[in-house]
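Thanks for coming. I have one structure to go through today, so please look at the sequence and the model as I talk.

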Amino acid sequence: MDEVKEFVQTHSFATVVTTTDEKPIATHLPVSFQQLDDSYVITGHMAIGNPQWKTFEEHEKVLVMFQGPHAYISSSWYEKQSVPTWNYQAVHVYGKAVMLEKAELVKELTAMLETYESHREQSVLWHTLSDKLLENQLKGIVGFKIMVEEVQAAFKLSQNRHERDYARIIEELEVEGEVELASAMKKR
């Protein structure tokens with residue numbers, strides 16, 4: 001699970017999927033993935049004008065998709081004739097959603113700002129913003145928490161290829177500028 005946790009934290013801009021009237025609804029959002037004791041939780045927020053948050057209360061079941069690097073793999077890179085394919089990394093997380101209370105939302109927002117701002121010279125952190133601004137902004141968003149029930153990870157990285165083909169695929173990906181995928185393959 002450590003590999004999946006690291007992947008999800010690195011690729012934290014996720015697609016949150018629910019349904020309403022048997023129609024899928026998707027929103028692309030930055031989220032946080034955390035371990036709480038023996039379980040995992042995803043937290044995030046969205047605009048109050050986004051109707052998707054209402055489906056959390058109606059159905060509770062949520063799919064959160066995390067996508068990593070991906071690229072076309074030419075079969076011309078193999079020693080023997082074969083067909084081309086696509087390498088990719090993706091994680092699907094299923095769980096139940098609940099709405100965050102205001103204090104929980106503030107905690108989630110504070111942590112998000114710390115994650116994305118603390119390394120900056122002029123960090124914009126929760127405590128650096130005016131109370132009036134924060135109260136106005138809080139009126140326009142809703143926070144959610146997804147209790148993780150199931151995780152499915154697919155890291156298709158040419159694992160079925162022999163060592164020479166594998167090395168050549170990495171080289172060709174680097175030549176084509178697909179360095180993140182090449183790096184993921186090198187780790188394997």
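I'll start with a helix. The buried residues of α2 pack against six strands: β1, β2, β4, β5, β6 and β7. This is a predicted model, so keep that in mind throughout. Which residues of helix α2 are buried? In this helix, which covers residues 52–59, they are Q52, W53, T55 and F56. Viewed down the axis of α2, these buried residues fall within an arc of 150°, so they line one face of the helix. E57 and E58 are exposed, and they sit on the face of α2 turned away from the buried side.

Helix α1, residues 2–10, can be read in a similar way. Its buried residues include V4, F7 and V8. Down the axis of α1 the buried residues fall within an arc of 95°, so they too line one face of their helix. An α-helix has 3.6 residues a turn, so residues three or four places apart point the same way. On the other side of α1, D2 and T10 are exposed. What do the buried residues of α1 pack against? They pack against β3, β5, β6 and β7.

Now the sheet. It is open, has seven strands, and pairs antiparallel in the order β2-β1-β5-β6-β7-β4-β3. The edge strands, each pairing on one side only, are β2, residues 23–30, and β3, residues 32–36. On average, and ignoring direction, neighbouring strands of the sheet are turned by 35° against each other. Helix α6, residues 179–187, also packs on this sheet, where it touches β5 and β6. The direction of α6 makes about 95° with that of β5.

At one end of the order, β1 and β2 pair in the antiparallel sense over eight bridges. Within that pair, V16 stands opposite T27 of β2.

At the other end, β3 and β4 run antiparallel and are joined by five bridges. Q34 stands opposite V41 in β4. The hairpin of these two strands has two residues between them, and D37 takes a positive phi there, near 55°.

On to β4 itself, residues 39–47. Is β4 largely enclosed or open? Seven of its nine residues are buried, so β4 is largely enclosed by the rest of the structure. Strand β4 also runs antiparallel to β7, with seven bridges joining the two. One of the residues involved is A47, whose bridge partner in β7 is I141.

That is what I have; questions are welcome.

Technical notes:
Residues are numbered from 1 along each chain as its sequence is written. This is a predicted model: local features need pLDDT of at least 70, side-chain atom pairs count only at pLDDT 80 or more; totals for chains, interfaces and linings use all residues. Side-chain values use heavy atoms; hydrogens and water are left out. Two strands pair if DSSP finds at least two bridges between them. Helices (H or I, at least four residues) and strands (E, at least two) are DSSP runs, numbered from the N terminus. Axes are lines fitted to C-alpha atoms, for helices over the stretch in contact, and angles run from 0 to 180 degrees between N-to-C directions. Contact means heavy atoms within 4.5 Å. Buried means under 20% relative accessible area, exposed over 50%, partly exposed in between (1.4 Å probe, protein chains only). The arc is that of the directions from the helix axis to the C-beta atoms.
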